[in-house]
Amino acid sequence: MNLLTAENLSKSYGTKVLFSNISFGIQDKEKIGIIGVNGSGKTTLMKILAGLESSEEGKVVKGNDVSLEYLPQDPNFEAEASVLEQVFRGNSSLMQLLRDYEGTLEKLNRDPQNPAYQKKLMDLGQKMDAQNAWQLESEAKTILTKLGITEFETLMGNLSGGQRKRVALASALINPSDLLILDEPTNHIDNETVDWLEQYLNNRKGALIMITHDRYFLDRVANQIFELDRSKLYPYPGNYTRYLELRTEREEQEEASERKRQNRYRSELAWIRRGAQARSTKQKARIERFNALVADKPSEAVGTVDITAGASRLGKKVLECRHLHHEFPSRGTVIEDFSYILARNDRVGIIGPNGRGKSTLLNLLAGRLQPSQGEIEWGPTVKIGFFAQENTEMNPKQRVIDYIKEIAEVLPTGDGGVITASQMLERFLFPPALQWTPIGELSGGEKRRLYLLNILMGAPNVLFLDEPTNDLDIQTLRVLEEYLEEFPGAVMSVSHDRYFLDRVAEKIFAFEGQGKIRTYVGNYSDYQEKSAQEERTESPEIKTGQHDNHPAEESKHRTQKERPLKMTFNEQREFEQIDDLIAQKEDELAKINQAMNGAGSDYSKLNELVSQQQTLEQELEELMERWTFLNELAEQIAQNK
């Protein structure tokens with residue numbers, strides 16, 4: 001069922017065209033991820049779909065009974081409202097009932113003997129029963145808890161910016177809607193919470209359209225990708241991985257078309273230069289075709305953030321901290337007895353639940369905060385670049401290029417050369433015209449990109465990055481990751497972006513428990529695997545302890561262990577057939593992929609094929625897991641013979 005249709009939408013800001021004449025539809029159960037460079041109009045498009053902003057041309061047509069729920073990037077809130085009151089801010093009668101109940105309950109708690117409050121609460125309780133609203137209230141508290149908000153009566157004005165965003169996310173999730181619109185839902189939530197949100201959205205009924213830079217999140221939730229590129233919208237069926245494949249094919253086709261156009265252009269230009277006479281009808285038509293070729297030149301492609309790694313010289317000694325301890329009066333101990341020697345080429349990722357002290361650790365190591373106990377020593381040549389969660393104060397009237405030139409006119413590169421501030425801005429997707437724009441006219445993501453460039457222009461040799469992926473577009477993230485791989489110095493990053501940590505981290509500092517930090521070698525996926533392995537290892541130990549207290553159970557366990565290892569009849573038959581089953585699934589998947597490529601713009605057919613593709617991929621993954629188990633079992637049996 002079609003929920004919403006966008007017809008020929010266009011939007012500009014001044015001379016900058018965000019998107020022009022774009023059209024698409026959103027069907028029930030579709031989960032769409034919108035991607036594009038910062039400033040391409042993603043958030044503006046979401047606001048237009050939500051009815052909060054108007055387009056210059058075109059219209060949005062929504063079904064009469066279709067309900068929308070929108071999570072903005074920077075949600076509004078009432079400072080004096082409690083967390084639960086803010087969550088129940090929806091316009092539906094059910095949300096109004098929940099607000100009335102919570103408000104009356106709060107009044108009754110302040111005045112328990114008031115008969116009017118008692119009667120009203122009883123009446124509202126009966127209405128809650130009739131509308132089955134208790135379940136919704138319970139679900140709201142469950143979602144808030146999952147998002148790390150457990151004090152439901154806390155006033156919104158007393159929460160941090162990240163906590164407010166999580167309350168707004170809970171409100172968007174709890175309000176019943178046919179179409180959920182989310183702008184950067186994974187910002188300000190930790191990795192475990194992102195995992196939970198993935199599962200919640202996958203199980204949620206209704207359609208979803210979202211902006212996110214989290215590539216694993218797009219892979220696991222989205223079944224369609226919309227890319228805003230050079231004022232146009234390109235839809236791709238499938239998740240983020242499938243988008244990368246299809247986008248490469250699209251770019252190859254565009255390059256081939258452009259080569260043909262240029263060949264024809266050169267041929268026609270030579271004819272024009274020979275002195276074409278515009279007297280005959282044929283000659284006029286040929287001149288018109290030449291003019292059309294000139295006009296058909298494709299819009300300039302968005303560049304890539306191509307950075308040559310350069311930094312100040314770094315000596316042998318970088319940083320050493322010994323028995324670091326820190327506590328806050330309101331939060332208690334956040335770091336307890338932590339020691340580490342930072343090496344010149346270290347790549348460290350810092351993870352853990354929100355509020356545990358990740359940013360505090362970076363601030364301590366950077367000298368921005370003094371520890372309660374312990375020592376920190378820096379090498380004499382250390383030059384720290386600190387990329388904070390929030391941009392430093394920017395003068396909205398200052399021009400982009402002046403903001404960068406305040407740090408340096410030129411930057412030394414890794415190959416011994418230099419690059420000017422203007423050239424660096426171009427490589428950071430700020431073309432010459434945009435470099436003279438006041439900072440106040442930039443989008444939030446463009447300001448983050450500019451702030452990152454400001455840090456790098458200082459030529460640091462140690463980088464501390466506190467949530468660097470927040471609000472940066474995927475294209476900038478990819479090249480930032482490539483830059484960090486070549487960076488000739490140490491890098492420490494606090495991040496909840498699993499993809500980013502997999503690419504850049506070689507060690508993980510995990511906050512586990514009150515103030516405890518454990519070090520793992522490897523990237524984020526390695527950390528997850530080791531953590532899961534530790535849990536599996538600990539489980540048998542608990543069972544063994546139980547057997548020690550019960551001799552009969554211990555004897556039974558020993559007898560089971562002494563039995564010869566072998567496959568059951570069904571396992572043996574499955575082992576013999578599983579290779580053929582896997583091959584069959586791979587063939588079916590290949591046919592589906594081929595059908596998707598030929599489906600064109602038939603959205604109904606594409607949705608059906610995407611659903612089949614996801615089912616087959618899940619079945620294939622289960623078969624591969626079973627294949628691994630059976631082969632490992634066969635190897636163990638062979639070794640025991």
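This is a short tour of two open sheets and the helices that lie across them, in a predicted model.

**Stop one: the six-stranded sheet**

Start by colouring the strands of the open sheet that runs β5-β6-β7-β3-β8-β9; there are 6 strands, and their pairing is mixed. Now pick out residues 68–71 and 232–237. Those are β5 and β9, the edge strands, and each of them pairs on one side only. Look along the sheet and you'll see the strands turn, with a twist that averages 15° from one strand to the next.

Next, zoom in on residues 31–35 and 224–229. You've got β3 and β8 here, paired in the parallel sense over 4 bridges. Want a landmark? Click on I32 in β3, and you'll find Q224 of β8 standing opposite.

Before moving on, show residues 161–174 as a cartoon. That's helix α6, lying across β5 and β6 (179–183) and running at about 170° to β5.

**Stop two: the three-stranded sheet**

Jump to the other open sheet, ordered β11-β10-β13, where the 3 strands pair antiparallel. Select 332–342 and 373–378: β11 and β13 are at the edges with a single partner strand each, so one side of each has no neighbour in the sheet. From one strand to the next, the twist averages 20° here.

Now add residues 319–328, which make up β10; 5 bridges tie this strand to β13, and the two run antiparallel. Which residue in β13 is the bridge partner of C321? Select I376 and you have it.

Last pick: residues 358–365. Helix α11 lies across β10, β11 and β13 and runs at about 130° to β10.

Note on methods:
Residues numbered from 1 in each chain as written. Predicted model: local features only at pLDDT ≥ 70, side-chain atom pairs only at ≥ 80, totals over all residues. Heavy atoms only, no water. Pairing = 2+ DSSP bridges. Axes fitted to C-alpha atoms, helices over the stretch in contact; angles between N-to-C directions. Contact = heavy atoms within 4.5 Å.
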